[in-house]
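Hi,

Here is the structure I promised to pass on. Have a look at it first, and my notes follow underneath.

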Amino acid sequence: MLDPYLLRNELPSVSKRLLKKGFILDIALISSMEEKRKILQIKTENLQHTHHNLSNEFKQSNLIKKENSFLKQKVIESSQNLNKYIKKLKILKKKIDDFSSLIPNIPDDDVPEGIKSIHNKKIKYWGIKKKYTFEVQDHIQIGKKINQLDWESASKISGSRFIVMKGGIALLHRALSQFMLDLHTIKHHYVETYVPYLVNSESLYGTGQLPKFSDDLFHINLINEKKYILIPTAEVPLTNLFRNQILDEEKLPIMLTAHTPCFRSEASSYGKDVKGLIRLHQFDKVELVQIVLPEESKKTLEKLTFHAETVLRLLELPYRKILLCGGEMGFSAAKTYDLEVWFPSQKKYREISSCSNMSDFQARRMKSRYRKKFEKKTYFPHTLNGSGLAIGRTLAAILENYQHADGRVEVPKILQKNYMNGLDFIN
């Protein structure tokens, strides 16, 4: 949620900055609603003042045992009129809030202009792409050849965009999650957290997935009418741990990590990467979340992104770092870096992590605040999150980058001893 002050006092500037995301703000509509709100607000406050005076006058007349039916009737009418305007104001405020909830976060000034991936800015490249003396296969072919990625069984028991893993590949999938968690907790000092996989709509509203992106979520409606939604990312439960809370400044930064399955209907991604591990309905991810002081968030984004990069470096997977243009960024993000890993079968880089600074956008929606020492006033912290990493995509990148001519897949050295029971090849 944007700061209401901006929508009331800096509409032209906000509208111009939102164009960077390809979002056209209806200035006329919000200005009209805001003007009506001001009029109703003043009218309601005046009525409250009048009603307060009449009530006090009536109380005084009662104290002196003076019967005053005329004054009593005025108090009743005043109360009814006041309640009518309070209701009108409440309805209008709800309409303004609903409108505001669909406005995305404002991009930072250094976010590139543009609405397509060609406008993203390449920041850096890391690693050396391997040269192969044989015909490179993609991870789907590799998994089928060694009979450890089973798409047919997954389709039979669930449908398309699901996977069954077996043997060494299943072990590698588990090893990657443990390796990532150990790295982020031991070296990067995040606190490992176990969270629910089912959340309520308030949680998804807080992080910005609702109301706009409802179709991309899996909804569960039970007989008792309690509605739950499967998490699209651990960002949702981790960040919402601080919904409706006032934190002490001394407790910031808060750094949390969690390994969870993620569930996405991919309703808006029809026809994209329908095969393979790139875009599944259910996949695993290790998520990084930080809650920080506003003045620290820009620096924190660089650190958090490097924490995700460290996973790729230790796995020796070539990657590049991209600064997303406005139109490619998420709804809640003020600035986003994507990390893209090299896929030799496609001869291209593919996204494996997205790391974003949400500024105070999510905190405002969640009513999450912090208080400075010796101050009564509260402030909104900044929230950040990133994939550290998406496990299925990391697995796919390893299968392709570490493939051998005879069909075997070499296990990255960092995983062999402590995470793969000494296994150096999957075959």
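To start you off: is Asp98 buried, partly exposed or exposed? Asp98 is partly exposed, at 37% relative accessibility. (Buried means under 20% relative accessible area, exposed means over 50%, and partly exposed is in between, using a 1.4 Å probe and protein chains only.)

Before the rest, a word on where this comes from. This is a predicted model, so local features need pLDDT of at least 70 and side-chain atom pairs count only at pLDDT 80 or more, while totals for chains, interfaces and linings use all residues. Residues are numbered from 1 along each chain as its sequence is written, and side-chain values use heavy atoms, with hydrogens and water left out.

Now the charged pairs. Side chains of opposite charge can pair when their charged atoms come close. I took a salt bridge to be a side-chain nitrogen of Lys or Arg within 4 Å of a carboxyl oxygen of Asp or Glu, and that rule gives 16 salt bridges.

Asp98 is in one of them: its side chain meets that of Lys94, at 2.9 Å from N to O. The two residues sit four apart in helix H4 (residues 69–100), about one helical turn. (Helices are DSSP runs of H or I with at least four residues, strands are runs of E with at least two, and both are numbered from the N terminus.) Lys94 is partly exposed too, with a relative accessible area of 49%.

Another pair within a helix is Glu34 with Arg37, where the closest N and O atoms are 2.5 Å apart. Both belong to helix H3 (residues 27–63) and are three residues apart, again about one turn. Here both partners are buried: Glu34 at 8% and Arg37 at 12%.

Then there's Glu309 and Lys124, whose side chains form a salt bridge at 2.9 Å, N to O. This one ties together distant parts of the chain, 185 residues apart, with Glu309 in helix H10 (residues 297–314) and Lys124 in strand E1 (residues 121–126). Glu309 is buried at 1%, whereas Lys124 is partly exposed at 27%. There's also a network: Asp3, Asp360 and Arg364 are joined by salt bridges that share partners.

And the cysteines? The structure has zero disulfides, a disulfide being a pair of cysteine sulfur atoms within 2.5 Å. Why is Cys262 not bonded to Cys355? Because the closest cysteine sulfur to that of Cys262 is the one in Cys355, 14 Å away, which is too far for a bond. Cys262 is buried at 0% relative accessibility, and Cys355 is buried at 0% as well.

Cheers
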